[in-house]
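Please open the model in a viewer and keep the sequence panel at hand. The stops below each propose a selection and describe what is found there.

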Amino acid sequence: MTAIPADPARPTDDESVRRQLDETWRQTPGLWGWLTSVDHKSIGKRYIVTAMVFFVLGGLEAGVMRAQLARPENSVLGPDAYNQFFTMHGMTMMFLFAVPVMTAVGLYLVPLMIGARNVAFPRLNAYGYWVYLAGGLFLYISFFLNTGPDTGWFSYVPLAGPEFSPGKRVDVYAQSITFTEIAALVAAVELIVTIFKNRAPGMTLNRMPLFVWAMLVQAFMVLFAMPWVATVTQLLAMDRLVATHFFNPAEGGDALLWQHLFWFFGHPEVYIILTPGLGFVSMIVATFTRRPVYGYPAMVLSLLSVGFLSFGLWVHHMFATGLPQLGQSFFTAASMMITIPSGIQIFCWIATIWAGRPRFGVPFLFVLGFVVIFVIGGVTGVMVASVAFDQQVHDSYFVVAHFHYVLIGGAVFPLLGAFYYWFPKITGRMLSERLGRWNFWLLFVGVNLTFFPMHQLGLEGMPRRVYTYLAGTGWGPLNLLATIGAVLVVVGVLLFVINVAVSLRRGALAGDDPWGADTLEWATSSPPPPYNFAHIPVVEGRAPLWEQPGELPAVSGLRTDVRDVLVTTLLDARPDSLHRHPPPTIWPLLTAIATTILFVTLIFTPWGAVIGTPLLLLTLLGWGWPHGRDHQEQRMVEQTG
Amino acid sequence: MPLTLASTLVQQAHASLNPASPQVRLVDRLGTAMFVTAAVVCLLVFAALLWAALRRRSGAEPVAGGRQERPMKTAVLLATGVTTVILFVFLIFDVSVGRSITTNPGNDALQIRVTGHQWWWEVQYRDSLPKNWATTANEIHVPVGRPVVFELRSTDVIHSFWPPNLSPKRDQIPGNENSLWFQADSAGVYRGQCAEFCGHQHAKMAFLVVAEPADQFEGWLARQRDTAQTPTDSRARRGKDVFMSASCVMCHAISGTSAGSRIGPDLTHLASRRTLAAGTLPNTRENLTGWIVDPQAIKPGVKMPPNQLSGPELLALVAYLETLK
C-alpha cells in the first residue's frame, strides 16, 4: 500500500471524492469544451468515429470499383476516375482508417486498462487528432475537387514524378501522408510513455494485459517505420516542387530508391495494423472462454518478434524488380519466419478455447471468423514469400486476395469484435446480439465470396489496378462473383451502422462489467467518469478482476482537487512521482490549424514554409506559455509499508 | 492447379492451359506443392478450432495452470515445430526453383529487346549487323525449343513484362536494365499483360507471344527485316500521301519511307500483326478505321490524338496501312 503526504483539502467520503474528482477532470461544457478537451476518452471517441467514417468512405470506393469490374469493359468508371478511386481506397484504408482506428482504440482503452487517469501527454493527444482530421479532410476535399491522388497508395516513381504526373494530385498524396504520419507518431509517443510510466501500482510489465503489450509493440513499430514514409514523401514533394532529382534516373537519381524507402515503412505498416488486432483477440478470447489466454510469455514474445521481424521483410514487395537472387532469398527466409510467431499465437488461442468454456457471443464469433480468414491470408502469405512463386503472381489479383484476407481477417474482424466487446464500456449500452449475428455472417460469407475468387483470377493472369479487362480474357464470371460478395459486405457493414445507431439509444444498459471480464477497464462505470477511477487501483496479478473479487485495493492520498496523476517505475510499476496534468486548452487545435496552413501552402509554393513556420512557432509558444496555475509540481511519493 | 491462362484475343476464347515453358512448369510445381500444403494446414487449423470450441466439456470449472495445461503445451509446441519444418522445406524448394529458372540460357539464345512505353511494347530483334534489325510492336514471335533472352527496358515509367504461361514477370525500370529468359515448349499464341501500374491505360497494355517452329519463325523474321513495299494501287498510294501529310508521320515509323519517328509503334508491318492498340482489338479493317478516327474512345488517355480525316482520305489511309504486311 502506498500513501502520499496528507493534504488538508482532501475529502474523505466516497461521494464527495467522486464529486470533487469530477469537478477537477471534466471537460468544459458545450462546443468550446469539445474543442478544448484533453480527455483521452473524449478524443478517443471522436478519433474512432472519424476513422469509422473513413472506413465507410473507403468501403464505398471499393464498392464502386467492384461495380466497374463486375463485367468486362464496363463503363461505371473511366480510367481517370478508377485510378483515383483505387488510390483513395488504399490511402483511406491504410492511412485514414486502419492505423488511426487502432491507435484511437488504444488511446481510449490503454489508460483504462492500466488504471491511469489520462494519457501521458493529453494536449499532444488532442493535437494528434486535429492533425489527423485535417489530413483526412484535405485528402477528401481534394478528391471531390477532382484532385484526388491517382498513382496508387504506393505511388511509384517515375509515374508519380513531375514528368508523368503534372498537376497537384500527387502533391496531395505526399502531403496528406505527412498529416497522418504526424498524427500516428504523436500517438505512438503518448502510448509508449503512458504504458511505461502511468501503469497502476503493482502492474509490473509481466502483468500487463496482452492488448497493452500489443499497443506497446505497435507504438514502437510506428516510431521506427513512419519517419521513413514521411521522409520519402517529402523527397518526392521536393522533386516535384523545387526540382530536386532524388528519383530521376536521368539526373543520377534512382527509381528503386523510392521502393526501398517506401516498403521499409510499408511492410511494418501491415503489422502496425495487425498487432492491435491480435491484442483485441487475446482480450476477447480470455473473457469469452472464462480463463486467461494460455502461454502469456509466448504471446508477449511472439508480439515482440513480429515487431522486430516486420522490419526485415520489405524486399518481398520488390521480388520482380530484378534484385540479386541471394539477397532475395534472405527476405524469403525472413518472410517465412514471421509465420512462426503469428502461428504460435493462433495455436495458443486455440489451446485457450479448448481449455476454457466458450460463450458464443458476437465478439467471440468475430474471433472465430478472424482465425479462419487470417489463417487463409497467412498461408497465401507464405506462398508469396517464395521468390519464384511471387514473381509469377506478384501484382496480380492473387496478391489482392492475399492481403485482403490478411487485413480484413487480421484487423477488421478483430476490430468489429472489439467494437461489440467494448461498446458497452464506451457508451453504457449493449449492441444488439441479433443484429450482430447477422452482421457477422453477412461479412464472413461476403468477404470470402469477394476475395476467394481473386486467387484464381490472379493465377489466370489478371493484373492488379486495371480499370477494366477484355471479355476474351475469361475473367468475367469470377469478377461478377466477387462483386456479388462485395454487395453482401456492404449490407453487413450497413447492419453494423444500424446496430450502432439503434443501440446508442435503445440498447440494453450494460453495467460496469457485462461480460464478466478480468481487466481494469471493467472495474469502473460504463461509460467511465472523466477521471476514470475514483481510486487508482493497486494490481496484484494479470487478471485483477478475477483474482481480486470485490473491491480492488487502491492507492490512497492522491489529491482530488488538482489534476495529479501517478507516475510509476518502468519495470515494476512502483509509485515514483506525481505529474500535474494540464487543464482543457484551445492551443492544440490552433497548433493543428497552423500545421495545416504550413502543409497545404507548401504544395503550391516553397514560400509556404515562410508563411507557415512563424504561425506554427507562434501557436507552439502559446501552447507552452507558463501559467502559474498549472505550475508543474513534482513530488516524490513516500513508500510506506 | 491451373496456374496460367492462355487466351488470345484473336480466338476470343478462354483456355486454361498448362505451363508452356520449363520455367513456368517449375514455378507451377512449386505453387501446386505449396497450395496443397496450405490447404491441408488450413483444414487442420479449422478442424482444431472447431473441436476446441464445440467439444463436450465435463462439469469442472476451468482453472489456469496445473495438469490441464500439459497437453496444451505439447500441442502448441508440436504445431509450432511442424510449422517450422514446413517453412524450411518451402524455403529450400523455393531457392532451388529460383536457381533453376535463372541459369545461363547458353550461347544459342535469341536476343529480343522489349521496351515498355505508355501504353504499348516496342519489340526489337537485334543483330550484329544493324541492317538486320527488325522492329515491331506488341507481338513477339519466338522459335519453339530455343532459349530466348529478353532485354527489358523502359524509357518512361515502370512497366512489368509478364506472359504468364511462359515466364514469371520482371519489371522494366527506367535507368535499370533487367532481363529474363524462357524457352517455349510448344507452338501457340500466348497473351501477356503489363503487371506494374503505369498510368491511365495500364489495363490495356497487353501483348502476344507467338511461339512457332524455327523455320516458320525465321521466315517471319526475314519478312520483318524487309522495308515496306511501295503500294501499287492508286488508293493505297493516296493513302501513303495522307499518312505522310497528316499527323501520323509525327509519331510513327515505316521503314523504306521518310516516316522515321519512334514515339509510337513502328508500322512497317502493321498488317501482319494480330491485334491493334497493344492487344486491345483484333486487327480488322473496321477496328483499324475506328482506332485512327478516335483512339480516345477505345483507350481513354492514350497518347494518340483523334484524327479528323475526310471519308476518302480515311479509306485511302486504311488501304495503305493494309498493304504493310
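How many helices and how many strands are there in chain A? Select chain A and colour it by secondary structure: there are 19 helices and two strands. The model is a predicted one.

**Stop 1: chain A as a whole**

Keep chain A selected and display the C-alpha trace, which spans about 80 × 60 × 50 Å along its principal axes. The radius of gyration of chain A is 25 Å, close to the 26 Å from the globule rule for 641 residues, so chain A is as compact as a globular protein of that length. Of these 641 residues, 59% count as buried. Among the contacts in chain A with a separation of 6 or more, 81% are between residues 24 or more positions apart.

**Stop 2: the two strands of chain A**

Next, select residues 564-568 and 575-580 of chain A, which form strands E1 and E2. The two strands pair in the antiparallel sense, over five bridges. To locate one of the pairs, label Thr568(A), whose bridge partner in E2(A) is Pro575(A). Then show the six residues between the strands of this hairpin; Ala573(A) takes a positive phi near 55°.

**Stop 3: loops of chain A**

Move to the loop between helix H15 (433-459) and H16 of chain A, where Arg465(A) is found. Is Arg465(A) buried or exposed? Arg465(A) is buried, because 20 other C-beta atoms lie within 10 Å, and 20 or more is the criterion for a buried residue. Its phi is near 60°, a positive value in a residue other than glycine.

Continue to the loop between helix H16 (476-506) and helix H17 (544-547) of chain A, which holds Pro527(A). Display the backbone here: the peptide bond joining Ser526(A) and Pro527(A) is cis, with omega about -10°. Asn532(A) also has its place in the loop between H16 and H17 of chain A. Phi of Asn532(A) is near 70°, again a positive value in a residue other than glycine. Asn532(A) counts as buried, with 24 C-beta neighbours inside 10 Å.

**Stop 4: where chain A meets chain B**

Now show both chains and select the residues in contact: 72 from chain A and 71 from chain B. On the side of chain A that touches chain B, the elements that each supply at least two residues include helix H4 (79-113), helix H8 (255-289) and helix H12 (362-385) of chain A. Which element gives the largest share of that side? H11(A) does, with 12 residues. Colouring the side of chain A that touches chain B by residue class gives 41 nonpolar, 23 polar and eight charged residues.

**Stop 5: the domains of chain B**

Hide chain A and colour chain B by domain: domain 1 covers 9-56 + 68-225, and domain 2 covers 234-322. The centres of the two domains of chain B, taken over C-alpha atoms, are 32 Å apart. Between them, 22 residues of domain 1 of chain B are in contact with 16 residues of domain 2 of chain B. On the domain 1 side of this contact, two or more residues come from each of strand E2 (120-125), strand E3 (134-137), strand E10 (206-212) and helix H3 (214-225) of chain B. By class, that side has 10 nonpolar, seven polar and five charged residues.

**Stop 6: a sheet in chain B**

Select strands E4, E10 and E9 of chain B, which in that order form an open sheet of three strands with mixed pairing. Strand E4 (139-143) and strand E9 (188-193) of chain B stand at the edges with a single partner strand each, so one side of each is left without a neighbour in the sheet. Neighbouring strands of this sheet are turned by 25° against each other on average, direction ignored. E9(B) and E10(B) pair in the antiparallel sense over six bridges; in E10(B), Ala211(B) is the bridge partner of Gly188(B). Add H3(B) to the view: this helix packs on the sheet, touching E4 and E10 of chain B, and its direction makes about 135° with that of E4(B).

**Stop 7: a cis bond in chain B**

Finally, centre on Trp119(B), in the loop between strand E1 (110-117) and E2 of chain B. The peptide bond joining Gln118(B) and Trp119(B) is cis, with omega about 0°.

How values were computed:
Residues are numbered from 1 along each chain as its sequence is written. Chains are lettered from A and ligands numbered from 1 in the order in which they are written. This is a predicted model: local features need pLDDT of at least 70, side-chain atom pairs count only at pLDDT 80 or more; totals for chains, interfaces and linings use all residues. Domain bounds come from an automatic or database domain assignment. Two residues are in contact if their C-beta atoms, placed from the backbone, lie within 7 Å. Helices (H or I, at least four residues) and strands (E, at least two) are DSSP runs, numbered from the N terminus. Ala, Val, Leu, Ile, Met, Phe, Trp, Tyr, Cys and Pro count as nonpolar, Asp, Glu, Lys and Arg as charged, and the others, Gly among them, as polar. The radius of gyration is taken over C-alpha atoms; the globule rule is 2.2 Å times the number of residues to the power 0.38. A residue is buried if 20 or more other C-beta atoms lie within 10 Å of its own, exposed if 12 or fewer, and partly exposed in between; C-beta atoms are placed from the backbone. Two strands pair if DSSP finds at least two bridges between them. Axes are lines fitted to C-alpha atoms, for helices over the stretch in contact, and angles run from 0 to 180 degrees between N-to-C directions.
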